[in-house]
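Let's take a walk through this protein together, one stop at a time. Have the sequence and the 3D view ready, and follow along as we go.

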Amino acid sequence: MEPLSKWDSRRLVAEILQRVDQVPDALRDLIVAGAEGNPFFIEELVKMLVEEGVIVKGEEEWHIVPSLLARVQVPPTLTAVLQARLDRLPPKERTVLQQASVVGRLFWDRAVARISAATGEGIGEAEVLDHLSALRDREMVFQRETSAFAGAREYVFKHALLREVTYEGMLKRVRRTSHGLVADWLLGQGGERAEEYTGLIAEHLALAGRAAEAVEYLLQAGDRTRGLYAHQEAIRAYERALALLQAQA
């Protein structure tokens with residue numbers, strides 16, 4: 001996708017800030033110059049400015065705080081903007097978002113709750129739901145209308161890069177343990193659809209350091225996709241299994 005022109009970027013800023021009676025030129029230029037035509041960057045910059053109190057949302061109108069605007073420093077990259085937003089989250093919200101990032105861009109509330117319960121973070125299942133609701137309000141994640149697993153709500157990160165930045169902010173040993181917990185949760189779901197997730201289970205097992213189990217499920221995934229004539233997917237699963245076996249040798 002080509003970057004937006006400056007004119008289109010200004011139009012997007014005007015659309016997002018339509019509740020501001022008069023958008024200051026300094027604010028508009030700050031956002032347009034910083035985002036360099038990336039519409040997602042523009043959205044995230046505006047949200048960062050809201051969270052920093054530069055833009056104040058009211059029920060009917062939004063207004064700008066000039067004294068704070070004068071001190072704003074725009075992070076140089078989209079990744080830095082996302083990291084700034086993550087840094088401003090309340091600690092438990094950030095923890096829940098990190099746990100969700102282990103599951104993947106697509107995740108389930110009960111998988112997150114499983115991680116929280118097992119890692120001693122002191123965040124109960126009801127509290128996990130509350131934090132996910134708050135993260136929805138911040139438009140970091142969205143809840144999907146349907147879920148692959150009965151009794152679990154399904155969510156998705158707004159953007160793959162947000163999930164990546166969140167995930168990279170975790171300690172490697174914590175990620176490793178959490179991947180094992182996700183694999184066990186997926187294995188515990190059972191049901192008719194369980195075999196659809198053998199590839200995902202295998203990936204979590206591999207990232208948890210449980211290579212022998214991962215190979216078993218990769219082979220199952222390869223056999224299943226080969227049976228569906230998805231030959232490239234089957235080849236990738238078999239190659240991944242071979243790589244894990246070679247690493248163990």
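Our starting point is E139, which is found in the loop between α8 (125–137) and β4. Keep in mind as you look that this is a predicted model. E139 has a positive phi of about 60°, although it is not a glycine. What about its surroundings: how exposed is E139? With a relative accessible area of 35%, E139 is partly exposed, because that value falls between the 20% limit for buried and the 50% limit for exposed.

A second residue shares this backbone feature. E36 has a positive phi of about 50° and is not a glycine either. You will find E36 in the loop between α2 (25–35) and α3. Its relative accessibility is 67%, so E36 counts as exposed.

Now step back for a view of the whole chain. There are 249 residues, and 41% of them count as buried. The chain is built with 13 helices and 5 strands. Measured out along the principal axes, its C-alpha atoms fill a box of roughly 60 × 40 × 35 Å.Next come the charged contacts. The structure holds 18 salt bridges, and a good place to begin is R85. The side chains of R85 and E44 meet in a salt bridge, with N and O 2.6 Å apart. R85 lies in helix α5 (residues 78–87) and E44 in helix α3 (residues 39–51), so this pair ties together parts that are 41 residues apart in sequence. Are these two side chains buried or exposed? Both R85 and E44 are buried. For R85 the relative accessibility is 2%, and buried means under 20%.

R85 has another partner too. The side chains of E51 and R85 also meet in a salt bridge, again at 2.6 Å from N to O. Here the link runs between E51 in helix α3 and R85 in helix α5, 34 residues apart. E51 has a relative accessibility of 21%, so E51 counts as partly exposed.

Another bridge to look at joins R210 and E213, whose closest N and O atoms are 2.9 Å apart. R210 has 23% relative accessibility and counts as partly exposed. E213, at 32%, counts as partly exposed as well. Which residues are joined into one network by salt bridges that share partners? They are E44, K47, E51, R85, E93, R138 and E139. This brings us back to E139, the loop residue with a positive phi of about 60°.

From charges we can turn to rings. The structure holds 7 aromatic pairs. One of them to find in your viewer is F149 with W185: their ring centres are 5.3 Å apart and their planes stand at 80°, so the pair is edge-to-face. The angle decides this, because planes over 60 degrees apart count as edge-to-face. The pair links distant parts of the chain, with F149 in the loop between β4 (141–143) and β5 (154–157) and W185 in helix α10 (residues 172–189), 36 residues apart. F149 is buried, and W185 is buried too. Which residues do ring pairs link into a cluster with these two, F149 and W185? The cluster takes in W108 and Y197 along with them.

Let's move to the surface. D21, E59, E60 and E61 gather there in a patch of negative charge. Of these residues, E59 lies in the loop between β1 (55–57) and β2 (62–64). The relative accessibility of E59 is 76%, so E59 counts as exposed.

One last stop is A14, in helix α1 (residues 6–16). A14 has a relative accessible area of 44%, so A14 is partly exposed. To get a feel for distance in this model, find A14 and L69: they are 55 residues apart in sequence, and their C-alpha atoms are 17 Å apart in space.

Key. Residues numbered from 1 in each chain as written. Predicted model: local features only at pLDDT ≥ 70, side-chain atom pairs only at ≥ 80, totals over all residues. Heavy atoms only, no water. Patch = residues over 30% accessible without salt bridge, like charges linked within 9 Å, V, L, I, M, F, W, Y side chains within 5 Å. Areas by Shrake-Rupley, 256 points an atom, 1.4 Å probe, with all protein chains shown as cover. Salt bridge = Lys/Arg side-chain N within 4 Å of Asp/Glu carboxyl O. Lys, Arg positive; Asp, Glu negative; His and termini not counted. Charge placed at Lys NZ, Arg CZ, Asp CG, Glu CD. Helix = DSSP H or I, 4+ residues; strand = E, 2+ residues; numbered from the N terminus. Buried < 20%, exposed > 50% of the residue type's maximum accessible area, 1.4 Å probe, protein only. Phe/Tyr/Trp six-rings, centres within 6.5 Å; stacked < 30°, edge-to-face > 60°.
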